[in-house]
Amino acid sequence: MLSYHPHPMDPVRIDVPTPSRTYAVTIGDGLLDRVGAILDEIGAPARRLVVSSPLVWRLHGAQLSRAVAIGEPILVPDGERYKQLSTVSRIYDALVRAGADRASTLVTFGGGVIGDMAGFAAATYLRGIALVHVPTTLLAQVDSAIGGKVGVNHALGKNMIGAFYQPHAVVIDPLVLATLPRREFRAGLYEVIKYGMTSSAPLFERVARDRKAIFGRAIEALMPIIAESCRIKGEVVTADEREAGPRRILNFGHTAGHALEAVTRFRRFRHGEAVGYGMLVAAELAAARGALAAADREALATVIASLGPLPPIADLSAAAILEAMQHDKKIVAGRLHFVLPTAIGATAIVDDVKEAELRTALRKVGFAK
Ligand SMILES: NC(=O)c1ccc[n+]([C@@H]2O[C@H](COP(=O)([O-])OP(=O)(O)OC[C@H]3O[C@@H](n4cnc5c(N)ncnc54)[C@H](O)[C@@H]3O)[C@@H](O)[C@H]2O)c1
Ligand SMILES: [Zn+2]
């Protein structure tokens with residue numbers, strides 16, 4: 001699946017052969033300059049429209065417009081609170097006004113919020129037009145741009161409205177991460193650690209070892225961790241496009257993580273930060289069961305701590321987190337499915353986690369009574 005090149009600066013191409021579409025994820029420094037050429041190579045419909053946010057466009061729009069003829073970009077706000085149908089509606093309006101048709105390709109250029117919203121617009125406008133993601137946050141580059149989940153929030157729940165709609169291509173240029181605020185960058189790194197914990201001890205060890213160069217956004221340090229994360233996500237999505245089975249391992253850290261986000265009304269934590277806590281909770285649980293060696297739990301806690309401080313949780317009660325978990329999407333037929341680490345790079349999915357065990361794990365991680 002992955003063609004590695006000896007020189008780290010050469011682009012890496014990962015093919016993602018899902019049942020509904022096969023597409024390439026290409027990762028390379030300076031690839032932003034080649035977006036037009038890549039779209040031509042894959043035969044993407046000739047008319048190209050870009051959806052981006054004002055900030056991303058101000059920072060990187062000039063470079064993208066030199067590489068691909070797009071006319072006026074469609075700019076929409078990208079805060080999580082704008083990830084809703086009314087913003088998608090604005091994208092539809094702009095597409096209609098621009099006369100977008102089946103001969104058009106919609107290019108998303110931004111973080112996960114832009115990718116999810118504009119991807120949903122592409123999936124539904126004229127029952128689907130060609131979609132290419134050019135993600136600009138670390139989280140979008142290693143996670144949301146791959147796998148075809150698109151959609152928006154409903155006032156009563158996150159990502160409640162959406163579709164599976166695979167892109168025609170994903171083009172990743174790690175150099176755009178130079179402008180990403182440190183906190184956003186770290187938020188993406190927790191997901192990289194997740195991939196390491198679930199699927200790749202070498203990736204986990206690399207993050208721990210190269211932390212300084214990664215934070216320095218050195219291209220030789222970023223390329224391998226992004227490529228390996230994309231390879232893992234691509235493989236899991238290929239095996240299980242609609243998350244009926246194996247894709248669930250990528251929910252590692254997300255059960256407690258989502259509950260934590262919900263309890264704090266999506267305001268205190270970046271998603272990745274909540275996942276950081278969620279992974280610690282899952283690891284405590286696994287260690288208490290004897291399913292995870294104490295040294296491996298310790299290694300996870302150490303690497304998470306090494307990224308910097310997480311927002312405080314001492315004022316949040318374990319009871320509130322437990323209550324929020326009852327509303328989890330991962331509850332199947334009344335049972336909460338929990339992804340437990342069994343070693344660095346390996347997991348097991350269990351459905352017999354007792355409330356008392358969870359409470360103990362939450363307390364150990366630092367939640368209040
Ligand atoms: N579809 C999926 O499978 C999937 C997976 C994970 C997460 N998500 C979704 O992704 C969203 C989060 O994505 P995100 O973390 O990228 O957040 P985001 O899109 O809100 O971007 C974070 C911030 O970074 C800014 N930004 C983006 N690129 C930048 C750059 N290069 N330089 C400077 N600033 C930049 C944005 O303007 C924004 O303010 C959530 O809505 C989540 O539900 C989807
Ligand atoms: Zn996540």
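These questions and replies go through the zinc site, the shell around ligand 1 and residue E261.

This is a predicted model, where local features need pLDDT of at least 70, side-chain atom pairs count only at pLDDT 80 or more, and totals for chains, interfaces and linings use all residues. Residues are numbered from 1 along each chain as its sequence is written, chains are lettered from A and ligands numbered from 1 in the order written, and side-chain values use heavy atoms, without hydrogens or water.

Me: What makes E191, H254 and H271 donors of the zinc ion (ligand 2)?
Reply: Distance. Donors are N, O and S atoms within 2.8 Å of the metal (3.2 Å for Na, K and Ca); water is not among the atoms, so sites may look incomplete. E191 (OE), H254 (NE2) and H271 (NE2) coordinate the zinc ion at 2.0 to 2.1 Å. They therefore count as donors.

Me: How are the donor residues of the zinc ion spaced in sequence?
Reply: The spacing is E-x62-H-x16-H. E191 in helix 6 (residues 182-199) and H271 in helix 11 (residues 271-288) are 80 residues apart, so this pair links distant parts of the chain. Helices (H or I, at least four residues) and strands (E, at least two) are DSSP runs, numbered from the N terminus.

Me: Why is E191 called buried?
Reply: Buried means under 20% relative accessible area, exposed over 50%, partly exposed in between (1.4 Å probe, protein chains only). E191 has 0% relative accessibility, so E191 counts as buried.

Me: What makes the approach of D78 to ligand 1 a polar contact?
Reply: A polar contact is a pair of N or O atoms within 3.5 Å. An N or O atom in the side chain of D78 is 2.4 Å from an oxygen atom of ligand 1. A polar side-chain atom of T137 lies 2.6 Å from a ligand 1 oxygen. For E80 the value is 2.8 Å.

Me: Which element gives the largest share of the shell around ligand 1?
Reply: Helix 2, with 4 residues. Helix 2 spans 54-67. A residue is near a molecule if one of its heavy atoms lies within 4 Å of it. There are 27 residues around ligand 1.

Me: Why does E261 count as buried?
Reply: E261 has 3% relative accessibility, so E261 is buried. E261 is found in helix 10 (residues 254-263).

Me: Which residues does E261 touch, not counting those up to four places away in sequence?
Reply: K158, F266, H271 and A274. Contact means heavy atoms within 4.5 Å. H271 is also one of the zinc donors.

How values were computed:
A polar contact is a pair of N or O atoms within 3.5 Å; within protein, one must be able to donate a hydrogen and the other to accept it, and residues adjacent in sequence count only if both atoms are side-chain atoms.
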